[in-house]
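Good morning, colleagues. Please have the sequence and the coordinates open while I speak.

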Amino acid sequence: MLKPWDFVGASCEGVDTEYFFPEDRLITSENKLAKKICSTCDFLSECLHYSLHHRVQGIWGGTDQRERDRMRKTLNIIPVPIIQERYHNDRINNHRQSSL
């Protein structure tokens with residue numbers, strides 16, 4: 001599965017990350033702009049899927065943290081912390097390399 005940062009041609013490519021990762025959780029004009037950028041993206045559903053299944057901060061897939069928390073509750077999704085996923089992937093890669 002591709003990670004959102006691997007999407008080539010995503011609408012957010014080259015946009016200042018401050019729009020997507022606000023310092024506080026308040027709704028700002030920057031948040032609204034980020035969501036508008038997401039709404040035009042060909043990868044909206046993939047990005048949203050990733051953000052629902054992983055504990056990420058900021059605007060992802062056109063949603064903020066509160067919106068994703070509500071969606072997870074409704075869909076009964078328990079997100080995986082990013083660190084846990086990276087640890088798991090590192091273990092798999094190390095195992096593959098040692099098998100060679």
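**A short tour of the model**

Let me begin with A10, which is buried at a relative accessible area of 10%. This residue belongs to the segment before helix 1, the helix that spans 29–39. Before going further, I should state that we are looking at a predicted model.

Staying with A10, which residues does it touch, not counting those up to four places away in sequence? They are C41 and F43. There is also a C-alpha to C-alpha separation of 9.8 Å between A10 and C47, two residues that lie 37 apart in sequence.

Let me now place this in the overall fold. The protein has four helices and two strands, and their order along the sequence is α-α-β-α-β-α. Of the 100 residues in the protein, 30% are buried. Taking contacts between residues at least 6 apart in sequence, 54% of them join residues at least 24 apart. The exposed surface comes to about 7300 Å², with 55% of it supplied by carbon and sulfur atoms.

I turn next to the cysteines. How many disulfides does a search of the whole structure find? The number is zero. For C38, which is in no disulfide, the nearest cysteine sulfur is that of C47, at 6.1 Å. A disulfide requires the two sulfur atoms to be within 2.5 Å, so a pair at such a separation does not count as one. C38 is buried, with a relative accessible area of 10%. C41 is likewise in no disulfide, and its nearest cysteine sulfur, belonging to C12, lies 6.0 Å away. C41 is buried too, at a relative accessible area of 16%.

Two of the cysteines just named return in the next feature, the largest pocket. C12 and C47 are among the lining residues nearest its centre, together with P4, F20 and W60. In total, 19 residues line this pocket, and its volume is about 380 Å³. What is the character of the lining, in terms of nonpolar, polar and charged residues? It divides into 15 nonpolar, three polar and one charged.

From F20 we can move to helix 1, where K35 is found. The C-alpha atoms of K35 and F20 are separated by 8.3 Å, and the two residues are 15 apart along the chain. Leaving aside neighbours within four places in sequence, K35 is in contact with I59, G62, T63, D64 and E67.

One of those partners, T63, deserves its own remark. T63 sits in the loop between strand 1, residues 54–55, and helix 3, residues 65–75. Is this loop residue buried or exposed? T63 counts as buried, because its relative accessibility is 8%. Again leaving aside neighbours within four places in sequence, the contacts of T63 are K35, L48, S51, G58, R68 and M71.

I close with N76, in the loop between helix 3 and strand 2, the latter at 80–81. N76 is exposed, with a relative accessible area of 68%. The phi angle of N76 is near 55 degrees, a positive value in a residue other than glycine.

To recapitulate, we have seen a buried A10, a search that finds zero disulfides, a largest pocket with 15 nonpolar residues in its lining, a buried T63 in a loop, and an exposed N76 with positive phi. Thank you for your attention.

Key
Residues are numbered from 1 along each chain as its sequence is written. This is a predicted model: local features need pLDDT of at least 70, side-chain atom pairs count only at pLDDT 80 or more; totals for chains, interfaces and linings use all residues. Side-chain values use heavy atoms; hydrogens and water are left out. Buried means under 20% relative accessible area, exposed over 50%, partly exposed in between (1.4 Å probe, protein chains only). Contact means heavy atoms within 4.5 Å. Accessible areas come from the Shrake-Rupley method with a 1.4 Å probe; for residues, only the protein chains shown count as cover. On a 1 Å grid over the protein atoms alone, a cavity is a set of points where a 1.4 Å probe fits but cannot get out, and a pocket is an open set with protein on both sides within 12 Å along at least five of seven lines; lining residues have an atom within 4 Å of a point. Grid points are joined across faces, edges and corners, and a volume is the space filled by probe spheres set on the points. Ala, Val, Leu, Ile, Met, Phe, Trp, Tyr, Cys and Pro count as nonpolar, Asp, Glu, Lys and Arg as charged, and the others, Gly among them, as polar.
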